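The following exchange asks how particular terms are justified for a predicted model. Each reply sets a computed value against its criterion.

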Amino acid sequence: MRKLIDKLAFAHSLEIGEYLEIIKNATAADAAYLAEKACAEKEKHYGKEVFIRGLIEVSNICKNDCYYCGIRKSNQNCERYRLSEDDILECCREGYELGFRTFVMQGGEDAYFTDERLVSIITKIKQNYPDCAVTLSLGERSAESYKQLKAAGADRYLLRHETATKEHYTKLHPENLSWEKRMECLRNLRAFGYQVGCGFMVGSPYQTGEMLARELKFIEEFKPDMCGIGPFIPHKDTCFRDSAAGSVDMTCLLLSMIRLIHPTVLLPATTALGTLSENGRERGIMSGANVVMPNLSPASVRKKYMLYDNKLSDGAESAQSLEALKKRIASIGCTVSINRGDVKKST
Ligand code: SAM
């Protein structure tokens with residue numbers, strides 16, 4: 001096992017079978033060894049800095065019906081909301097004062113957010129805060145739309161591919177959503193010059209070890225600028241309400257492996273990780289993650305963006321508690337960066 005880990009740290013690549021060997025058989029001591037190598041690699045490129053992103057959840061209205069997601073369109077118990085342009089600009093104003101230099105607009109696929117409306121919002125954010133990055137996470141849109149939003153000033157786009165295995169995708173989504181389309185969106189985003197983030201849930205229903213090994217191969221080949229992975233957590237109003245949640249240990253192991261596969265990737269310790277375990281965020285950082293995304297949405301809507309049961313939105317997860325977050329990050333020997341935190345291109 002140590003030899004395999006050393007090989008991964010040296011070559012940044014393994015055969016699928018070798019990834020699987022680590023996924024299936026790594027002991028806690030092996031995971032600690034991986035994490036140590038991953039953090040050394042991270043520090044080579046980014047030092048001890050952890051980047052912060054202000055997450056603005058712009059709408060929980062969604063035309064899609066993903067089987068795992070709490071804001072899926074068929075969930076009648078979800079109290080719907082959307083933020084106005086003024087609301088979003090107010091979040092940015094507050095976030096800027098708090099020290100955020102990246103704003104992430106995330107939401108369901110809500111037809112209200114036309115290109116015209118988004119162009120107006122992005123343009124205003126960029127005018128008001130030219131030193132800030134704008135990240136979008138608004139799902140699948142046309143190539144033309146991605147192009148326009150980039151031209152308006154958007155810098156980055158997060159679109160989790162959800163699974164690198166097509167057959168698995170069809171078990172997590174209704175028929176009108178296709179794996180090919182999701183992958184095509186990622187390719188389009190890259191072609192238009194965004195810093196692109198993909199990602200997947202760890203322990204989603206029907207996921208096997210082989211599928212996780214394929215996730216790693218996909219990341220090795222696609223080389224995303226960002227990669228969002230977090231444990232699957234069931235939501236009471238979805239098809240998968242009785243499914244088990246993903247594991248914090250497995251998520252941390254995968255974070256370490258992804259860091260070694262792609263040393264300069266921007267890797268968040270996700271809210272889902274913090275939701276499943278009190279010190280999940282810190283464990284993620286100690287496994288190789290270097291980004292956290294505190295919630296900057298207005299307090300009145302935070303509980304409504306409930307992707308899974310008990311999703312955290314307060315405490316260190318809240319942008320207003322940045323000081324508490326800084327302390328927690330300092331307690332593991334890292335510092336919160338005040339920079340935009342763009343991806344470093346590998347040499
Ligand atoms: N609509 C956009 C999209 O499709 O990319 C962005 C919002 S979507 C709710 C953000 C991410 O939440 C998804 O990509 C998915 O991986 C994650 N998510 C949804 N339900 C989840 C669950 N039950 N457990 C963990 N993560 C979940």
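Q: Which residues line the second largest cavity, and what makes them lining residues?
A: The lining consists of A269, T270, T271, R281, V292, M293, P294, A316, E317 and L325. They are called lining residues because each has an atom within 4 Å of a cavity point.

Q: How do you know how many residues of each class this lining holds?
A: Ala, Val, Leu, Met and Pro count as nonpolar, and Glu and Arg as charged. The lining of the second largest cavity therefore has six nonpolar, two polar and two charged residues.

Q: What volume does the second largest cavity have, and why is it included in the count?
A: Its volume is about 40 Å³. The count takes cavities of 30 Å³ or more and comes to two.

Q: Why is Q195 of strand 6 (residues 195-202) called buried?
A: The relative accessible area of Q195 is 13%. Buried means under 20%, so Q195 is buried.

Q: What makes the pairing of the Q195 and D342 side chains a polar contact?
A: The two side chains are 2.8 Å apart at this contact, and the cut-off for a pair of N or O atoms is 3.5 Å. D342 is also among the residues in contact with Q195 beyond four places in sequence, a list including D155, Y157 and L266.

Q: How do you know that E162 makes a polar contact with the ligand?
A: An N or O atom in the E162 side chain is 2.5 Å from a ligand oxygen atom, and the limit is 3.5 Å. E162 is also one of the closest of the 18 residues that surround the ligand.

Terms used: Residues numbered from 1 in each chain as written. Predicted model: local features only at pLDDT ≥ 70, side-chain atom pairs only at ≥ 80, totals over all residues. Heavy atoms only, no water. 1 Å grid on protein atoms, 1.4 Å probe; cavity = no way out; pocket = protein on both sides within 12 Å on 5 of 7 lines; lining within 4 Å. Points joined across faces, edges and corners; volume = space filled by probe spheres on them. Buried < 20%, exposed > 50% of the residue type's maximum accessible area, 1.4 Å probe, protein only. Polar contact = N/O pair within 3.5 Å; in protein donor to acceptor, adjacent residues only side chain to side chain. Contact = heavy atoms within 4.5 Å. Near = heavy atom within 4 Å.
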